[in-house]
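Please open the model in your viewer and keep the sequence panel beside it, since each stop on this tour asks you to select something and then look at what surrounds it.

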Amino acid sequence: MFAGRCLAAFAVAASGLAVQAPPNRPAETLAATGGLPAHIALGFQDAVGFVQARSGEFLVLDRRAHTVYAVNAAKTTVRKVLQVGSEQGNVLQPAALAISADDIFTIADSPTAYDRIQFFSVKGTYLGGFLQTKDATRLVVGPLILNGVGSMAFTGKTILLNRPEAGALFSEFEMAGAVVRHVGTLRPTGQEADRGVHAAMNIGLPLVDPTGGFYFVFQTGRPMFRKYDASGALLFERHIEGPELDESILNLPTTWPRRPAESGTVPLVLPLVRTAAVDSSGRLWVSLMAPTTYVYDPRGEKIRTVQFRGAGVISPGSFFFTTDGRVLITPGCYEFTVR
C-alpha cells in the first residue's frame, strides 16, 4: 500500500540480529488514583497532552479543538490558554505539548507548509518560536503525528526532534531554531539503497533522561532503544521484546515494491511503539500499540510489564511524570501512582 506525501508514511523491517530474550514477567494492572473529573475530561474533544506546572495547574492540549486549556490545581475550573489559529501565538494542527521545570511550555504544530515550535508562559504569554521544514517521511497513527514535531522533547533550553533525513536519529535545536548538534547514527536496515525506507526505519522518539543523557526509542521496524550520555556518546542498545510483540515482530516485512521517483509515494506500514517517556529515576516507560507498557531500569533491563486501567484498559498516548511519584496519561487525563 502506498500513500502520497500528505499521508502518514514510514516503514519497518526485522534486523535479523540474534538476541537473548529477557525473562517474561506477568503484567500488573495499575488502577487510576485520580485525574481530571469526568465532566472536565469529557469536555475535551481529543486530549493528546496532559502536564502539570509547579503551581499545580494542569495544561491540556486538545488536538481536535486546536486549543490549549488550563485546569486549576483544585480541578474545578477550565480556561483557554491558546486557541485555534495559524497566527503567531495561536495553534493549528498541533502534535505535541511539553513543559520545562521552570514552567515554560512548548507547542509543536503545523499551520502551514512548515512545522512550528512555539514557547509560552503558563499564562499564555508568547516567548518565542521557530519554523522547521516538514519531513516528507511522516509517521502518523490515526490523526497523530509521532515523528518530526510529534517527537518533540524539551530540555528547558533546547528542543529535540527526530529527523532521520538529516543523517542522525535526532537533532537538537536552540529555542531560536539554530541546530546545536545531531545525535545518534542511523541504525543499519539493509534498505540503505532506498533512502525513504531507510529513513522510515529510523523513526522514533528522542527522550530527555532527568538523571542525565538521552534515550532514543525506535517506533518502526524491530522495536529497540538506545541510551546516550549528555555528550551524545552511545552507552548501550537494547531490544524491546515480550509476548505482546512476538507475532508482530515475526511478521515484519523485509522487502518493499519499487516506487517511481516521480510518484511522491513512500511505504506505509504500522508502528509497534506508540509513545515513551523517562521518569525522575531514569526508568524508561515504553507504551506499545497494544495496551501494554514495558518499564526498563537505567541499565536497560526490563523490570515491569504494566497495564493502565481507568474506565477501561488504556493504551497511553502521552506520559508526564510529576516530581511526587505520579504519572499523567492521555487519553482520559488520568493520574496514576507509580513507584
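A contact here means that two residues have heavy atoms within 4.5 Å of each other. With that in mind, begin with the whole chain of this predicted model: among the contacts with a separation of 6 or more, 49% are made by residues 24 or more positions apart. Show the secondary structure as a cartoon, and you will find three helices and 30 strands. If you then colour by accessibility, 57% of the 339 residues count as buried.

For the next stop, select residues 94 to 133, where an open sheet of four strands follows the order S8-S9-S10-S11 with antiparallel pairing. Strand S8 and strand S11, the latter spanning 126-133, are the edges of this sheet; each has a single partner strand, so one side of each is left without a neighbour in the sheet. From one strand to the next, the twist averages 15°. Narrow the selection to strand S10, residues 114-121, which runs antiparallel to S11 and is joined to S11 by seven bridges. To see one pairing in detail, pick phenylalanine 119 in the display, whose bridge partner in S11 is glycine 128.

Now move along the chain to a second open sheet of four strands, which has the order S18-S19-S20-S21 and is again paired antiparallel. The edge positions belong to S18 and to strand S21 (234-239), and because each has a single partner strand, one side of each is left without a neighbour in the sheet. Neighbouring strands in this sheet are turned against each other by 15° on average, direction ignored. Select strand S20, residues 224-228, together with S21, and you will have an antiparallel pair joined by five bridges. Within this pair, methionine 224 has histidine 239 of S21 as its bridge partner.

The last stop is the largest pocket, which holds about 1400 Å³ of space. Where should you centre the view on the largest pocket? Val51, Ala98, Phe319, Phe320 and Phe321 lie nearest its centre, out of 49 residues that line the pocket. Selecting strands one at a time shows where the lining comes from: strands that each supply at least two lining residues include S8 (94-99) and S18 (204-208), as well as S14 (148-154), S23 (273-278) and S28 (318-321). Strand S4 gives the largest share, with six residues, and you can select S4 as 47-52. Finally, colour the lining by residue class, which gives 29 nonpolar, 15 polar and five charged residues.

Terms used. Residues numbered from 1 in each chain as written. Predicted model: local features only at pLDDT ≥ 70, side-chain atom pairs only at ≥ 80, totals over all residues. Heavy atoms only, no water. 1 Å grid on protein atoms, 1.4 Å probe; cavity = no way out; pocket = protein on both sides within 12 Å on 5 of 7 lines; lining within 4 Å. Points joined across faces, edges and corners; volume = space filled by probe spheres on them. Nonpolar A, V, L, I, M, F, W, Y, C, P; charged D, E, K, R; others polar. Pairing = 2+ DSSP bridges. Axes fitted to C-alpha atoms, helices over the stretch in contact; angles between N-to-C directions. Buried < 20%, exposed > 50% of the residue type's maximum accessible area, 1.4 Å probe, protein only.
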